[in-house]
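Colleague: Hi! Could you walk me through this one before I set anything up?
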Amino acid sequence: MKRQARPARKRVLRAKRQAVPGVKRRIKVQTVEFAVFGDSHVGYGNSLSIFKSLLPKAVSSGNKRFIIFGGNNTQAGADHRNNAGTYYKEFKDTVTSTLGSIPYKASIGNWEASTRSLFTQYLGAVSGQMNFPGTQGKVRYVWLDCALGQFTPASLNLLRNLDDRYFYIIDFHWPLRVQGITVDSSHVLSAAETSKFFTAIPAKAREKVLAIFTHHGHKFYRKLNNIYPGYTKTKFFVTGCSGEYKCKPGGNMGYYNATLTSSGSGYKVEAFIAH
């Protein structure tokens, strides 16, 4: 008997999804909430109490995924022989007990420059780069060391190696000298240091710098575009009153509530003062 051939299978062609004229595809929008503190100065006057009051407010507001501390977190340099370790421990104990599993990173400030070994012991590296939480590695967080009013060679090298495959949020202690800034000039980087910062970033990565957070100026300040030639979209922030040191009682003490929002292939940062 001859074996009968099986019927040929009919190929089923899947119709390609065609775009409907006038109907736009929905772009999934993702938002990551974070907070930015500056100049908590734990160890000075009533600063620890103020910090313990402000930090829980930031954590309980919304759904924070990351906390930035921008230097002069402690008053360590005032009495680094006797009390610096205590100030760092008080700061870190407050942070870890309040934040729980929320990640954080601290930059180094001028009041901590003489206690670098204690800073790294309690708060980690003085400069570096990491993935910004909640962004699947698409946004990088970069923190730099300009504690003494000058960027270290390691910090400038980090900037020179920024890659345009990623977006960036950058933090360091001293404010840049941008046009129109109202922070006291004694608490702002020199024009030369400011130029070093901006020119170190490769031209192809400049449009990927979303926001720069700085501190030290003991006030809040924002400049939201054209902060320097070639940086048309980068936003620039100053916050330097998360403790008592040189801040008005009941006035300008606080922090930034911030959001990082993705939409399609782009990102944007917004930050507003909270008390």
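Colleague: How much area does the protein chain expose, and what share of it do carbon and sulfur atoms supply?
Modeller: Happy to help, and keep in mind that this is a predicted model. The exposed area of the protein chain is about 14,500 Å², with 49% of it coming from carbon and sulfur atoms.

Colleague: Thanks! And what percentage of the residues count as buried?
Modeller: The chain has 275 residues, and 49% of them count as buried.

Colleague: How many helices and strands are there?
Modeller: You'll find five helices and eleven strands in the protein chain. As for contacts with a separation of 6 or more, 69% are between residues 24 or more positions apart.

Colleague: Let's do sheets. In what order do the strands of the five-strand sheet run?
Modeller: That open sheet has the order 3-2-1-10-11, with mixed pairing. Strand 3 (104-106) and strand 11 (266-274) are at the edges with a single partner strand each, so one side of each has no neighbour in the sheet. From one strand to the next, the twist averages 20°.

Colleague: In which sense do strand 10 and strand 11 pair?
Modeller: Antiparallel, over nine bridges, with strand 10 covering residues 255-263. If you want a pair to click on, Leu-260 stands opposite Val-269 of strand 11.

Colleague: Nice. Which strands does helix 1 touch?
Modeller: Helix 1 (residues 47-60) packs on that sheet and touches strand 1 (29-37), strand 2 (64-69) and strand 10. The direction of helix 1 makes about 180° with that of strand 1. Helix 2 (residues 84-99) lies across strand 2 and strand 3, at about 160° to strand 3.

Colleague: What about the six-strand sheet, what's the order there?
Modeller: The order is 4-5-6-7-9-8, in an open sheet with mixed pairing. Its edge strands, strand 4 (128-131) and strand 8 (220-223), each pair on one side only. The twist there averages 15° from one strand to the next.

Colleague: How many bridges link strand 7 and strand 9?
Modeller: Four, in the parallel sense, between strand 7 (residues 209-214) and strand 9 (residues 235-239). In that pairing, Ala-211 has Lys-235 of strand 9 as its bridge partner.

Colleague: Is that Lys-235 buried or exposed?
Modeller: Lys-235 is buried, because its relative accessibility is 15% and the cut-off for buried is under 20%.

Colleague: Which residues does Lys-235 touch?
Modeller: Leaving out residues up to four places away in sequence, Lys-235 touches Leu-210, Ala-211, Ile-212, Lys-223, Leu-224, Val-269 and Glu-270. Val-269 is the residue that stands opposite Leu-260.

Colleague: Switching to helix packing: at what angle do helix 4 and helix 5 cross?
Modeller: At roughly 35°, with the axes of helix 4 (residues 153-160) and helix 5 (residues 191-200) coming within 8 Å. Leu-156, Leu-159 and Arg-160 of helix 4 make the contact with Lys-196, Phe-197 and Ala-200 of helix 5. Those residues split into four nonpolar, no polar and two charged.

Colleague: Last topic, cysteines. Which ones does the disulfide join?
Modeller: The structure holds one disulfide, and it joins Cys-241 to Cys-247, with an S to S distance of 2.1 Å. The torsion about the S-S bond is about -100°, so this disulfide is left-handed.

Colleague: And are Cys-241 and Cys-247 buried or exposed?
Modeller: Cys-241 is buried at 0% relative accessible area, and Cys-247 also counts as buried at 7% relative accessibility. Cys-146 is buried too, with a relative accessible area of 0%.

Terms used
Residues numbered from 1 in each chain as written. Predicted model: local features only at pLDDT ≥ 70, side-chain atom pairs only at ≥ 80, totals over all residues. Heavy atoms only, no water. Helix = DSSP H or I, 4+ residues; strand = E, 2+ residues; numbered from the N terminus. Buried < 20%, exposed > 50% of the residue type's maximum accessible area, 1.4 Å probe, protein only. Contact = heavy atoms within 4.5 Å. Areas by Shrake-Rupley, 256 points an atom, 1.4 Å probe, with all protein chains shown as cover. Pairing = 2+ DSSP bridges. Axes fitted to C-alpha atoms, helices over the stretch in contact; angles between N-to-C directions. Nonpolar A, V, L, I, M, F, W, Y, C, P; charged D, E, K, R; others polar. Disulfide = S-S within 2.5 Å.
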